[in-house]
Amino acid sequence: MINICVYNANYLFDRNIISVFNASFLYGINCFEGIRAYWNSDLKKLLVFDLDEHLNRLYDSISFLMFENVISKNELKSELLDLLSNGDVKENVYIRITFFIDGETSWADQNMISRVISVRSMASQLGSADAISLTISDYRRISNDTIPPAVKAGANYLNSRYALLDAKSKGFEGALFLNKNNYISESTGSCVFFIRGNVLYTPAVDCDILVGITRNRIIQLARENSIEFKETNIKVEDLDNFQAAFLVGTMIELKPISRIGHKFFDLDDHITKRLTKLLYNYVYGI
Ligand code: PMP
């Protein structure tokens, strides 16, 4: 079992303790990345899934939140890679890097920024037959003119929490958000894809989504393997035209959707299966 946690405190708050008066704790002001790393036992190699892409998004979030005096992207990358090699990680793990306001300062503080990196064991379910049932949430997705969803900030998950718990209370396993223009946006912690005929569809970047690293990898794999792909605006009425659908994200990896409300999907779809295999080979470097 791997369970590593390193708190790189801001120089003033080097106590491994977060105060109950801490602004990030009180207001959810932080940004983070969740990253999977896959252990290939044949190659005896740990492959961190799209690390540079995750770090690029993290530094976009840091800059949007105007966090200052932060370690450089390259230094952080070396720090993480050292942690993984010193920790002798030889299994599938989940890495979380969080930047937050340390100490007991204001929610508007820009300088007291500390970071925590944790690495813990996490099995992969990629390729399992499991599927998820979703409902369309009554909660709208946060938007660029309120809380930009493309910034991976902790407080964004309040929107996700409301929608997910509401969906569960209605007997579904997850929720799909519409944005304020009534277009399908994303799920509470993952992006969505649909299939019609042999064509793959996903909501466009301007549909108030977090631009998923897994989403972008699926798009790239589709392109490289001649699977026709369209990024577009999708309405609830369009759901009847799709025969299959799946979610993608770091936690959920790639999971077929069994139903959205009353619309049921094919769980034997060949494009979903093909993309699952392509993603599996990609993450294990096969
Ligand atoms: N949308 C939301 C709201 C998420 O929280 C996540 C998980 N980070 C995703 C999409 C998927 O993004 P990624 O593939 O980068 O994990």
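The following exchange concerns the ligand site, the largest pocket and the cavities of a predicted model.

Author: In this predicted model, local features need pLDDT of at least 70 and side-chain atom pairs count only at pLDDT 80 or more, while totals for chains, interfaces and linings use all residues. Residues are numbered from 1 along each chain as its sequence is written, and side-chain values use heavy atoms, with hydrogens and water left out.

Reader: What makes a residue part of the shell that surrounds the ligand, and which residues are the closest?

Author: A residue counts as near a molecule if one of its heavy atoms lies within 4 Å of it. The ligand is surrounded by 15 residues, the closest being Lys152, Tyr157, Glu186, Thr214 and Thr250. By class, this shell holds 4 nonpolar, 7 polar and 4 charged residues (Ala, Val, Leu, Ile, Met, Phe, Trp, Tyr, Cys and Pro count as nonpolar, Asp, Glu, Lys and Arg as charged, and the others, Gly among them, as polar).

Reader: Why is the pair formed by Lys152 and a nitrogen atom of the ligand called a polar contact?

Author: A polar contact is a pair of N or O atoms within 3.5 Å. A polar side-chain atom of Lys152 lies 2.7 Å from a nitrogen atom of the ligand, and therefore the pair qualifies. Thr214 has a side-chain N or O atom 2.5 Å from an oxygen atom of the ligand, and a polar side-chain atom of Thr250 is likewise 2.5 Å from an oxygen atom of the ligand. The protein covers 96% of the 380 Å² of accessible area that the ligand has on its own (Shrake-Rupley method, 1.4 Å probe).

Reader: How do you know that the ligand sits in the largest pocket?

Author: A molecule sits in a pocket if more than half of its atoms lie within 2 Å of the pocket's grid points, and the ligand sits in the largest pocket by that rule. On a 1 Å grid over the protein atoms alone, a pocket is an open set with protein on both sides within 12 Å along at least five of seven lines, whereas a cavity is a set of points where a 1.4 Å probe fits but cannot get out; lining residues have an atom within 4 Å of a point. The largest pocket has a volume of about 600 Å³. Of its 34 lining residues, the closest to the centre are Tyr157, Thr188, Gly189, Ser190 and Met251. Helix H4 (157-169) is among the elements that supply at least two lining residues, and H4 gives the largest share, 4 residues.

Reader: What makes Leu126 a lining residue of the largest cavity?

Author: Leu126 lines the largest cavity because an atom of Leu126 lies within 4 Å of a cavity point. The volume of the largest cavity is about 60 Å³. Leu126 is also among the residues lining the second largest cavity, whose volume is about 50 Å³.

How values were computed:
Polar contact = N/O pair within 3.5 Å; in protein donor to acceptor, adjacent residues only side chain to side chain. Points joined across faces, edges and corners; volume = space filled by probe spheres on them.
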